[in-house]
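Biologist: Please show me the structure, and then defend the terms used for the ligand site and the backbone.

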Amino acid sequence: MSVVLAIETSCDETAVSVVRNGVEVLSNVVSSQIDLHAKFGGVVPEVASRAHLESLELVVNQAITDAGIAVEEIGAVAATHGPGLIGALLVGVSAAKALALAWGVPYVGVNHMEGHLFAALLQEPNLPLPAVVLLVSGGHTMIVHMKQLGSYEIVGSTIDDAAGEAFDKVARYLGLGYPGGPIIDRLAVDGDPAAISFPRAMPGELDFSFSGLKTAVVNYVRKEPSTSNEDIAASFQQAVVDVLVDKTLSAARQVGAASACLGGGVAANSALRSRFVEACNEAEISYLVPEREFCTDNAAMIASAAQWRLDNDGSTPLDAGANPSLKLV
Ligand code: KG4
Ligand code: ZN
């Protein structure tokens with residue numbers, strides 16, 4: 001156990017965090033590039049890489065200052081090495097290796113999705129296992145059976161769009177801006193979730209499908225153009241949340257999980273958080289919903305996963321690269 005400085009640059013957040021013993025967050029700095037990408041309606045890979053390059057040194061310095069530690073106290077440097085945008089990943093990986101070499105400490109490459117899993121453990125290191133974790137982000141939607149730390153099985157996943165992607169596409173269609181998740185979340189507060197009965201797609205038993213829902217929203221808006229964006233947002237969000245929560249609880253029952261957790265950017269969604277807690281209480285299963293700052297992309301979760309990997313598998317060789325399509329299992 002030691003102090004880990006972790007770098008996360010897999011997509012559009014330049015994030016650096018210093019975490020002690022895998023659980024004590026000494027600093028958690030996130031520099032968002034949202035404004036740079038918003039005018040394009042989505043993340044532009046080349047713009048993302050350049051922005052990471054420009055801000056990374058500043059963000060690293062800020063994270064060390066906020067942590068109030070001397071550089072000599074840092075025992076390892078970690079970086080997300082996949083999945084993500086290759087140019088963006090390489091900025092973080094290269095910087096982490098250079099710092100590890102300069103400081104004479106180990107380098108640890110971390111899987112971004114394992115990082116999202118560790119957000120729950122950051123807050124509850126004694127999380128009852130086995131657990132099921134609903135991982136919902138811009139690029140992924142899966143139910144992970146966490147048998148024990150480091151031992152995962154994907155028991156359900158999307159057959160088309162990720163949940164975050166569905167939020168982003170619906171928001172873009174409605175002309176609401178990017179990223180769509182937080183905007184729809186805010187609008188839905190003033191809408192009626194029962195106003196429109198959008199389809200709840202049930203492909204495989206624990207699998208998801210969101211592309212039909214997106215098409216249903218588009219068709220509905222064409223047919224009923226006077227419907228308020230608030231009602232559309234609330235009804236669409238409810239359709240997503242219903243299937244996410246139902247299937248996570250089914251998975252928990254099937255694998256005999258001792259707890260259920262949320263992770264990933266979409267886990268910041270207010271309706272998902274409250275419905276999930278309600279359903280876990282009804283099912284009498286213990287649950288953990290990480291703070292919003294640990295759901296959306298951040299480097300504290302990467303540092304936490306890095307500590308576990310370092311303690312269990314050792315460091316990552318400096319000649320290891322980055323893998324844009326790295327799998328969790
Ligand atoms: O995990 P994340 O920060 O980045 C990836 O690894 O993809 O997830 C980003 C996704 C985006 O699609 C964004 O729209 C969605 O998470 N998101 C939300 C909310 N906040 C972020 N979706 C619904 N409600 C939110 N409050
Ligand atoms: Zn993510």
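**Ligand site and backbone**

Modeller: In this predicted model, an oxygen atom of ligand 1 lies 3.2 Å from an N or O atom in the side chain of His 116.

Biologist: Why is the pair between ligand 1 and the side chain of His 116 called a polar contact?

Modeller: The cut-off for a pair of N or O atoms is 3.5 Å. The His 116 pair is at 3.2 Å, so the pair counts as a polar contact. A polar backbone atom of Gly 164 is also 3.2 Å from an oxygen atom of ligand 1. For Asn 269, a side-chain N or O atom is 3.0 Å from a nitrogen atom of the ligand.

Biologist: How much of ligand 1 does the protein bury?

Modeller: Ligand 1 taken alone exposes 550 Å², and 88% of that is buried by the protein. The space that ligand 1 takes is the largest pocket. Elements that give two or more residues to its shell are α4 (112-123), α5 (163-173) and α6 (180-188).

Biologist: What makes a residue part of the surroundings of ligand 1?

Modeller: One of its heavy atoms must lie within 4 Å of the ligand. There are 19 residues around ligand 1, and the closest are Gly 138, Asp 168, Asp 185, Gly 265 and Asp 297.

Biologist: How is the shell divided by class, and which domains supply it?

Modeller: The shell has 11 polar, five nonpolar and three charged residues. Glycine is counted as polar, so Gly 138 and Gly 265 fall in the polar class. Domain 1 (3-117 + 296-313) and domain 2 (129-289) each give at least three residues to the shell.

Biologist: Where are the cis peptide bonds at Pro 130 and Pro 179?

Modeller: The bond joining Leu 129 and Pro 130 has an omega of about 0°, and Pro 130 is in the loop between α4 and β6 (131-136). Between Tyr 178 and Pro 179, omega is about -10°; Pro 179 is in the loop between α5 and α6.

Biologist: What is the phi of Asn 21?

Modeller: Phi is near 55°, a positive value in a residue other than glycine. Asn 21 is in the loop between β2 (13-20) and β3 (24-32).

Methods: Residues numbered from 1 in each chain as written. Chains lettered and ligands numbered in written order. Predicted model: local features only at pLDDT ≥ 70, side-chain atom pairs only at ≥ 80, totals over all residues. Heavy atoms only, no water. Polar contact = N/O pair within 3.5 Å; in protein donor to acceptor, adjacent residues only side chain to side chain. Areas by Shrake-Rupley, 256 points an atom, 1.4 Å probe, with all protein chains shown as cover. 1 Å grid on protein atoms, 1.4 Å probe; cavity = no way out; pocket = protein on both sides within 12 Å on 5 of 7 lines; lining within 4 Å. Sits in = over half its atoms within 2 Å of the grid points. Helix = DSSP H or I, 4+ residues; strand = E, 2+ residues; numbered from the N terminus. Domains from an automatic or database assignment.
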